[in-house]
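Please look over the sequence and the coordinates below before reading on. The text then goes through the helices, their buried and exposed residues, and the surface.

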Amino acid sequence: SEFFRIALLHTNLRSYYEGNFALMHHHKWNIDHIDNLMPWEKEIYVNMLIQFLKEEERRMKEQQAASG
C-alpha cells in the first residue's frame, strides 16, 4: 500500500481531484471504488476517459459542420 502512495507522487493534488471528479461524473463511480483502484488502473481509466471526451468533441464538431 505504501509503495503505491509513493508511486502517486508525480500526480499533483489538482489532477487527483479532477480525475476523481471525471470518473464520478462520467462513469457514475463512487469515491470508495476509485480510491481502491491501483494507481496504474486509475491512470488507464482517466486516459480512456480523456480519449473518449476528445472523440465526443470531434464527433460533435463534425455534426455541427454537417448541419450548418
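What should the 29 residues of helix H4 (residues 39–67) span at 1.5 Å a residue, and how far apart are its end C-alpha atoms? The model is a predicted one. The expected span of H4 is 42 Å, and its end C-alpha atoms are 42 Å apart, so the two values agree.

Helix H4 belongs to a chain that has 4 helices and 0 strands. Read from the N terminus, the elements follow the order α-α-α-α. Of the 68 residues of the chain, 13% count as buried. In H4 the buried residues are Pro39, Lys42 and Leu49.

Helix H2 covers residues 13–27. Its 15 residues reach 21 Å from the first C-alpha to the last, close to the 21 Å expected at 1.5 Å a residue. The buried residues of H2 are Gly19, Asn20, Ala22 and Leu23. They cover an arc of only 160° around the axis, which puts them on the same side of H2. A general point of helix geometry applies here: an α-helix has 3.6 residues a turn, so residues three or four places apart point the same way. On the other side of H2, the exposed residues are Leu13, Arg14, Tyr17 and Phe21.

What do the buried residues of H2 pack against? Their partners are helix H3 (31–35) and H4. Asparagine 20, which lies in helix H2, gives a detailed view. Is asparagine 20 buried or exposed? With a relative accessible area of 2%, asparagine 20 is buried, because buried means under 20%. Leaving aside its neighbours within four places in sequence, asparagine 20 is in contact with Ile31, Ile34, Asp35 and Lys42. Of these contacts, Lys42 is itself one of the buried residues of H4. Just after H2, lysine 28 takes a positive phi of about 60°.

The surface comes last. The chain exposes about 5800 Å², and carbon and sulfur atoms supply 60% of that area. Which residues make a nonpolar surface patch of about 500 Å²? The patch is made by Met38, Trp40, Ile44, Tyr45 and Met48. Tyrosine 45 is found in helix H4. With a relative accessible area of 33%, tyrosine 45 is partly exposed. This value fits its place in the patch, because patches are made of residues with over 30% relative accessible area.

Notes: Residues numbered from 1 in each chain as written. Predicted model: local features only at pLDDT ≥ 70, side-chain atom pairs only at ≥ 80, totals over all residues. Heavy atoms only, no water. Helix = DSSP H or I, 4+ residues; strand = E, 2+ residues; numbered from the N terminus. Expected span 1.5 Å × (residues − 1). Buried < 20%, exposed > 50% of the residue type's maximum accessible area, 1.4 Å probe, protein only. Patch = residues over 30% accessible without salt bridge, like charges linked within 9 Å, V, L, I, M, F, W, Y side chains within 5 Å. Areas by Shrake-Rupley, 256 points an atom, 1.4 Å probe, with all protein chains shown as cover. Salt bridge = Lys/Arg side-chain N within 4 Å of Asp/Glu carboxyl O. Arc of directions from axis to C-beta. Contact = heavy atoms within 4.5 Å.
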